[in-house]
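Here is a predicted model to read through with a first-year student. Some plain questions about its parts are asked and answered in turn.

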Amino acid sequence: MRLPTLDKAEAAKHRARLLSPAARSGTGVVSSGTTRAEGPLLLVPTSDAELEASAAFSATWEDWTPTVSHAVARGLALEVRTMLHGVPDGPPAGDRLRMPWTYTPVAFRQFSQLLHDSHRGKRITSLVIGAAALRPLTAWLLEHDVDPSRLKVRMIGTNGFRLSDFWRRWLAAVWRAELWDNFSLSEFSTASLECPDCGHHHWLAPPLLHEVLDLVSQEPLERGLGELTLTGLHPFVQAMPLIRYRTGDLVEIGPRCPRAGARGFKPRGRIRHSLLEGNRLLVSGQDVVEVLDAEGAVARHPHPVETLGLVQTRDLGAVKYRLQREGRAAVLEVELRFDPMVFREEAAALVERIWRRLGCSTLKVRAVRPGSLTAPWSKF
């Protein structure tokens, strides 16, 4: 008999029953899927024993990850950590520094100074940073006449939401660095990294079990598109075991990879931000952002650092769109920086280009005037 699955809402509702005696006191890491205004938060604690087990395993694990250059290997990594999911447990590893990401002038100055300074005779040569922090921090450096490419950073690993190809190319050129997309969840300490061979993600350490479930039947898949489902393993998870935990993420199963010795996966966005027909994906919010990010005429929501006056640019926020159903029709509304009723030809050309790039023949794309959209996500 197969064990039932567990979704985020159920885990938050029954959190007390999921805790084990090994749970330490403290708040725990806040799940990224339960930080909205409604419903209880899912706080996932850890125990000292599982932290020790994870550290011991990671120290001896021979991973499949890309070989870093000598210049990167001899330097330090800087972790720029958002406080959205709680305070990290314990100090950073010996070859890492850590700073919090906050919307304050001090955070920008600290970031710059850490990159310029020498630490125990070493410079920072790589970043582990959220995609939401990397863009404003980069913009601030440029606005203060600091050329990121003249610093020592040559490798950047991003986490949080996925960087679109547009921003990825722009940031890689500005920093003159390799960018790697990390996929992770706050509920699990294990992250996954892009593979340079197959282009899909594979899990790092400590080990866990992952399944991809059919969106309708919830049966495990060997190929195709489905919902990522994870199970933590003892002794790396003791305080709150999550078994067959449905993450709410759409992923596509990749081919068997010779480097990693397993099939990888490619993140395709949140299920709740996607337009589906049964188990078939029509278009996801991630697909939409991928296309719209490269269009300068598309309006953007103000980024908090822009609103607070910490940077001057007005292009760092999320693109303004709404993906929804109107009866049986699938409709994408895109807010423009200009009125499409006035500049009709430009708006029509943009709509046609967006529609073709998304590749969904049944999708209707509609341009709307500035100020029409307020929420920075899909609504169904």
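The questions below go from the core to aromatic pairs, salt bridges and the surface.

Reader: This is a predicted model. Which element gives the most to the largest nonpolar core?
Author: The largest nonpolar core has 36 residues, and L78, F111, L115, I124, L127, I156 and W175 are those with the most contacts inside it. Two or more residues each come from β3, β4, α5, β5, α6 and α7. The element that gives the most, with seven residues, is α6.

Reader: How many residues are in the second, separate core?
Author: Besides the core just described there is a separate one, which includes V288, L292, A330 and A347. Its number of residues is 22.

Reader: Which residues of the largest core with the most contacts inside it does W175 touch?
Author: W175 is itself one of the residues with the most contacts inside that core. Leaving out residues up to four places away in sequence, W175 touches a set that includes L134, T138, L141, P148 and V153. Also in that set, and named among the residues with the most contacts in the core, are F111, L115, L127 and I156.

Reader: Why is the pair of F108 and W140 called tilted?
Author: A pair of aromatic rings is described by the distance of the centres and the angle of the planes. For F108 and W140 the centres are 5.8 Å apart. Planes under 30 degrees apart would count as stacked and planes over 60 as edge-to-face, with the rest counted as tilted. The planes of this pair stand at 35 degrees, so the pair is tilted.

Reader: How many residues apart in sequence are the parts that F108 and W140 tie together?
Author: Both F108 and W140 are buried. F108 belongs to helix α5 and W140 to helix α6, so the pair ties together two parts of the chain. In sequence, these parts are 32 residues apart.

Reader: Which residues form one aromatic cluster with F108 and W140?
Author: The structure holds 12 aromatic pairs, and F108 with W140 is a pair of rings with centres 5.8 Å apart. Joined with F108 and W140 in one aromatic cluster are W101 and Y103.

Reader: What kind of pair do F338 and F343 make?
Author: The ring centres of F338 and F343 are 5.6 Å apart. Their planes are at 80 degrees, and planes over 60 degrees apart have a name of their own. The pair is therefore edge-to-face.

Reader: Is E79 buried or exposed?
Author: The side chain of E79 meets that of R96 in a salt bridge, at 2.9 Å from N to O. R96 counts as partly exposed because its relative accessibility is 30%. For E79 the relative accessible area is 7%, and under 20% means buried. E79 is therefore buried.

Reader: Which residues are joined into one network by salt bridges that share partners?
Author: The count comes to 22 salt bridges. E79 in strand β3 and R96 in strand β4 link parts of the chain that are 17 residues apart. Another bridge is formed by R246 and E227, with the closest N and O atoms 3.1 Å apart. The network made through shared partners joins E79, R81, R96 and R98.

Reader: How far apart in sequence are D197 and R259?
Author: D197 and R259 form a salt bridge, the closest N and O atoms being 3.4 Å apart. D197 sits in the loop between β8 and β9, and R259 in the loop between β12 and β13. The pair links distant parts of the chain, 62 residues apart.

Reader: Which residues make the nonpolar surface patch of about 320 Å²?
Author: One member lies in the loop between β17 and α10 and is M341. At 52% relative accessibility M341 counts as exposed, because the cut-off is over 50%. F343 is partly exposed, at 42%. The patch is made by M341, V342 and F343.

Reader: How far apart in space are Q312 and E143?
Author: Q312 is in the loop between α9 and β16. At 58% relative accessibility, Q312 counts as exposed. Q312 and E143 are 169 residues apart in sequence, while from C-alpha to C-alpha the distance is 7.8 Å.

Methods:
Residues are numbered from 1 along each chain as its sequence is written. This is a predicted model: local features need pLDDT of at least 70, side-chain atom pairs count only at pLDDT 80 or more; totals for chains, interfaces and linings use all residues. Side-chain values use heavy atoms; hydrogens and water are left out. Patches are made of residues with over 30% relative accessible area and no salt bridge: like charges are joined within 9 Å, nonpolar side chains (Val, Leu, Ile, Met, Phe, Trp, Tyr) within 5 Å. Accessible areas come from the Shrake-Rupley method with a 1.4 Å probe; for residues, only the protein chains shown count as cover. A salt bridge is a side-chain nitrogen of Lys or Arg within 4 Å of a carboxyl oxygen of Asp or Glu. Helices (H or I, at least four residues) and strands (E, at least two) are DSSP runs, numbered from the N terminus. Buried means under 20% relative accessible area, exposed over 50%, partly exposed in between (1.4 Å probe, protein chains only). A nonpolar core is a set of buried Ala, Val, Leu, Ile, Met, Phe, Trp, Tyr and Cys residues joined through side-chain atoms within 4.5 Å. Contact means heavy atoms within 4.5 Å. Rings of Phe, Tyr and Trp (its six-membered ring) pair if their centres lie within 6.5 Å; planes under 30 degrees apart count as stacked, over 60 as edge-to-face and the rest as tilted.
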